[in-house]
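This report walks through one protein model, moving from a pair of strands outward to the domains and then to some details of the backbone. Please keep the sequence and the 3D view at hand while reading.

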Amino acid sequence: MSTAAERRDPIKPAARVARQNQDVWSIVNEAAAASPIQPIVNMGQGFFGYNPPQFVIDAAKASLDKVECNQYSPTKGRPRLKKAIANAYSPFFGREINPETEVTITTGANEGMLSAFMAFLEAGDEVIVFEPFFDQYISNIEMPGGKVVYVPMHPPPNGSTTTSSASEWKIDMEQFEAAITPRTRMVVLNSPHNPIGKVFSREELLAVGELCVKHGIIILSDEVYDRLYYVPFTRVATLSPEIDRLTLTVGSGGKNFYATGWRVGWLIGPENLIKYVSAAHTRICYSSVSPLQEATAVGFEEADKHDFWNQSKREMRAKMTKFNAVWDELGLPYSDPEGGYFVLVNMSRVKLPADYDFPPHVASRPRDFKLSWFLIKELGVAAIPPTEFFTPQNAHIVEDWLRFAVCKEDSVLENAMERLRGLKKYIH
Ligand SMILES: Cc1ncc(COP(=O)(O)O)c(C=O)c1O
């Protein structure tokens with residue numbers, strides 16, 4: 001029999017949830033709550049400051065009146081939504097996607113990716129992730145026992161002095177190939193990219209895809225911003241039948257229809273990959289929210305009728321252009337996004353007062369955390385420090401940058417711009 005001393009503290013958390021560092025969202029939210037300037041303009045987290053389009057809202061309301069929409073959906077998703085997605089995406093993929101075998105519905109893209117890692121990783125298997133990365137990838141890979149292997153993306157050489165296209169953030173293909181080992185099972189791609197705003201070119205995707213074919217690596221292509229691109233957009237799955245055979249493409253109803261709280265996502269891919277993702281998803285959460293799957297199906301069915309996709313892209317592009325004018329005005333360079341709704345701004349010319357009183361948990365973090373704290377406290381604008389999306393050894397690459405989300409009402413952007421003009425006196 002074990003003694004009390006030998007027994008584990010009953011409330012000691014598992015290592016996977018007991019991280020030391022306070023996460024970026026809680027630091028930013030804490031600063032926002034404590035700022036003397038209220039209410040804060042929150043351009044930090046990538047949630048929308050406005051509602052989904054009316055035809056999608058109406059569909060959500062109507063779905064609650066249908067008996068079957070208030071009950072369990074099939075574990076792989078509602079047939080109507082799988083069909084709507086297959087219909088919407090077959091033209092992009094250049095082939096007929098089978099809604100029954102090649103699409104599976106998940107609880108947001110995030111749980112879809114967790115299901116994909118759960119489906120294919122054994123303990124110790126490696127997954128290559130490019131830095132910067134969407135932070136959820138890491139725990140999603142580590143929970144099933146996977147090991148993350150990081151490969152940094154390199155910023156534009158003149159990023160601290162000149163505004164340049166987000167396309168100038170590059171993967172060093174030799175570094176990528178050197179990271180591949182016999183244990184590499186998967187690689188995560190993200191295009192359009194959060195936080196960089198890069199849309200990977202056909203050539204870049206082909207280079208990555210061909211190496212994955214050569215080494216037998218599954219590609220998890222996170223394309224949640226797939227409707228927001230301002231340059232030609234290529235889907236890696238379409239580059240060759242060999243690449244398609246290894247690719248799982250991830251989508252998000254939350255991002256597509258401005259409804260991040262709905263938690264509707266999906267994966268598209270060949271049957272022999274999708275069936276295992278579905279199996280993992282069934283074990284994780286059984287099935288996903290029924291009425292909002294139904295509403296997302298209507299969203300896809302009716303989007304073209306409302307010219308929604310063109311309008312969505314046009315509006316987001318206009319928000320981006322409108323907001324970035326303030327950086328041109330202030331003379332602060334930014335990485336001009338090719339897609340998505342984030343912009344990275346280089347703040348190396350912003351001089352923080354030497355005697356500024358940062359709390360210890362901010363003072364101990366890279367300079368971008370201090371910049372973020374300072375902007376919240378002094379100007380009342382929240383942005384995200386992007387070193388959070390890097391490993392400590394590569395954090396220096398982005399310690400002068402901040403990420404702003406422009407998916408907000410125009411009046412909010414105007415308010416933010418007015419406040420950000422207050423940076424003038426700190427710019428040297
Ligand atoms: C790159 C990326 N992938 C996935 C997600 C998660 O999408 P969802 O809300 O559908 O889980 C996000 C959300 O911010 C994201 O930025």
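Strand 7 and strand 8 (residues 218-222) run parallel and are joined by five bridges, and within this pairing Val188 of strand 7 has Leu220 of strand 8 as its bridge partner. The model in which these strands appear is a predicted one. Strand 7 also pairs with strand 3 (residues 126-131), again in the parallel sense, over four bridges, and here Glu126 has Thr184 in strand 7 as its bridge partner. Together with helix 7 (residues 202-215), strand 7 and strand 8 make a right-handed β-α-β unit.

How many of the seven residues of strand 7 are buried? Six of them are, so strand 7 (residues 184-190) is largely enclosed by the rest of the structure.

The ligand is surrounded by 13 residues, and the closest are Gly108, Ala109, Asn110, Asn194 and Ser252. Helix 4 (residues 108-120) gives the most to this shell, with three residues, and by class the shell holds three nonpolar, nine polar and one charged residues.

On a broader view, the domain assignment of the protein chain gives domain 1, made of 15-51 + 308-426, and domain 2, made of 54-302. The centres of the two domains, taken over C-alpha atoms, are separated by 25 Å, while 34 residues of domain 1 are in contact with 39 residues of domain 2. On the side of domain 1 that touches domain 2, the elements that give two or more residues are helix 12 (308-330), strand 11 (334-336) and strand 12 (342-346). Helix 12 provides the largest share of that side, five residues, and the residues of the side divide into 17 nonpolar, nine polar and eight charged.

The backbone has some details that are worth finding in the view, and the table lists two cis peptide bonds.

| Residues joined | Omega |
|---|---|
| Gln38 and Pro39 | about -5 degrees |
| Ser191 and Pro192 | about -15 degrees |

Pro39 is found in the loop between helix 1 (24-34) and strand 1 (41-42), whereas Pro192 has its place in the loop between strand 7 and helix 7.

Arg263, a residue other than glycine, has a positive phi near 60 degrees, and Arg263 is found in the loop between helix 9 (253-256) and strand 10 (265-268). Is Arg263 buried or exposed? Arg263 has 20 other C-beta atoms within 10 Å, and therefore counts as buried. Asp307 also has a positive phi, near 50 degrees, and lies in the loop between helix 11 (290-302) and helix 12; Asp307 counts as exposed because it has 10 C-beta neighbours inside 10 Å.

Definitions and conventions: Residues are numbered from 1 along each chain as its sequence is written. This is a predicted model: local features need pLDDT of at least 70, side-chain atom pairs count only at pLDDT 80 or more; totals for chains, interfaces and linings use all residues. A residue is buried if 20 or more other C-beta atoms lie within 10 Å of its own, exposed if 12 or fewer, and partly exposed in between; C-beta atoms are placed from the backbone. Two strands pair if DSSP finds at least two bridges between them. A crossover is right-handed if, with the strands pointing away from the viewer, the path from the first strand over the helix to the second runs clockwise. A residue is near a molecule or strand if its C-beta atom, placed from the backbone, lies within 6 Å of it. Ala, Val, Leu, Ile, Met, Phe, Trp, Tyr, Cys and Pro count as nonpolar, Asp, Glu, Lys and Arg as charged, and the others, Gly among them, as polar. Domain bounds come from an automatic or database domain assignment. Two residues are in contact if their C-beta atoms, placed from the backbone, lie within 7 Å.
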